[in-house]
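Thanks for making the time. I will go through one structure, sheet by sheet, and finish with the empty space inside.

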Amino acid sequence: MKRITMTLFFTFLLLIGCANEKSEEQTIYIAAASDLYHALTEIGEEFSDESGINIEFTYGSTGLLTQQIQEGAPFDLFLAAHESYIDRLIERDAVFEDSKAYYAIGRIVTMSSSNEKIELDKDYLLSSEVQHITIANPEHAPYGKAAKETLESWGIWEDIQPKLVLGENIRQSYQYVESGNADVGIIALALMNRTEFHYELIDEETHEPILQALGIPVQTEKKELAESLLQFILSERGQEILIEYGFDIP
């Protein structure tokens, strides 16, 4: 009886091991810019429901994720907030050149820590009512770079330096405003879908276009699975979801 019990136990462990191995084979690991947190999560859920493929997301600043991929991080697909980072990885043979595709154009907004409808113009940003202004770090976050360009075009970049708080990525800057640690932020429109905070769309003429691109890292061992998600993102349904979250389509 004891021998039978042990045999059943080891058979159970073997089955669990096989199931885990199969699950891992059907899991892809995605690196994505933080502005995609809501939209891509929804896209991923629909894709997984249809395909049975599991997705594990890592969200962060495009610059830092680019560095990780360049150093060999095991991602199967990378969605950058600007095409220049995909180009950089292609030049360094870290992303398949023929996998590059444009999937969205980002927009930025000024966001207030209040739901009061006040005009979030440059005069307000310079006023004593605003103590802290947050943007993503422009050194490695495309949305932060666009925010800096806007503030420069408004002629107030130097003036707001004492008020400036840099987020590690655009979602962290959103959280600074949401928590009240910043009075105003220049944030990705795509993160405003589920908020009651007051915000105003920024004229796209004040900054270079945030042309977003994706690519498949060369170290992937699941290129076909990555390509299937890539095609879903570029499909009519994938693009429809991105539009719902405020992205423009290339």
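**Two sheets, their helices and a cavity**

Let me start with a residue count: the lining of the largest cavity has 6 nonpolar, 5 polar and 1 charged residue. I will come back to that cavity at the end. Please keep in mind that this is a predicted model.

Now the sheets. Strands of a sheet pair through backbone hydrogen bonds, and the pairing can be parallel or antiparallel.

One open sheet has 5 strands, in the order β2-β1-β3-β10-β4, and its pairing is mixed. At its edges are β2, residues 54-60, and β4, residues 101-106, each of which pairs on one side only. On average, neighbouring strands here are turned by 20 degrees against each other, if direction is ignored.

Inside that sheet, look at β1, which covers residues 27-33, and β3, which covers residues 77-79. These two run parallel and are joined by 3 bridges. Which residue of β3 is the bridge partner of Ile-30? The partner is Leu-77.

Helix α8 lies across this sheet, over β1, β2, β3, β4 and β10, the last being residues 210-215. The helix runs at about 30 degrees to β3.

α8 also has a helix packed against it. Two packed helices are described by the angle between their axes and by the distance between those axes. For α8, residues 223-234, and α9, residues 236-244, the angle is about 60 degrees and the axes are 4 Å apart. Are α8 and α9 parallel or oblique to each other? At that angle they are oblique, because the range from 65 to 115 degrees is what counts as roughly perpendicular, and under 35 as roughly parallel. On the α8 side, the contact is made by Phe-232, Ile-233 and Leu-234. On the α9 side, Glu-236, Arg-237, Gly-238, Gln-239 and Leu-242 take part. By type, the contact residues are 4 nonpolar, 2 polar and 2 charged.

On to another sheet. It is open, with 5 strands in the order β7-β6-β8-β5-β9 and mixed pairing. Its edge strands are β7, residues 164-167, and β9, residues 199-201, and each pairs on one side only. The twist from one strand to the next averages 25 degrees.

Strand β6, residues 133-136, runs parallel to β7, and 4 bridges join them. Ile-133 stands opposite Leu-164 of β7.

Helix α6, residues 142-153, lies across β5, β6 and β8, at about 130 degrees to β6. Helix α7, residues 170-178, also packs on the sheet, where it touches β5, β6, β7 and β8. The direction of α7 makes about 145 degrees with that of β8.

Back to the empty space. How many cavities of 30 Å³ or more does a search of the whole structure find? It finds 1. About 60 Å³ of space lies in the largest cavity. Its lining includes Ala-33, Ser-34, Asp-35, Tyr-143, Asn-169 and Ile-170.

That is all I have; questions are welcome.

How values were computed: Residues numbered from 1 in each chain as written. Predicted model: local features only at pLDDT ≥ 70, side-chain atom pairs only at ≥ 80, totals over all residues. Heavy atoms only, no water. 1 Å grid on protein atoms, 1.4 Å probe; cavity = no way out; pocket = protein on both sides within 12 Å on 5 of 7 lines; lining within 4 Å. Points joined across faces, edges and corners; volume = space filled by probe spheres on them. Nonpolar A, V, L, I, M, F, W, Y, C, P; charged D, E, K, R; others polar. Pairing = 2+ DSSP bridges. Axes fitted to C-alpha atoms, helices over the stretch in contact; angles between N-to-C directions. Contact = heavy atoms within 4.5 Å. Parallel < 35°, antiparallel > 145°, perpendicular 65-115°, else oblique.
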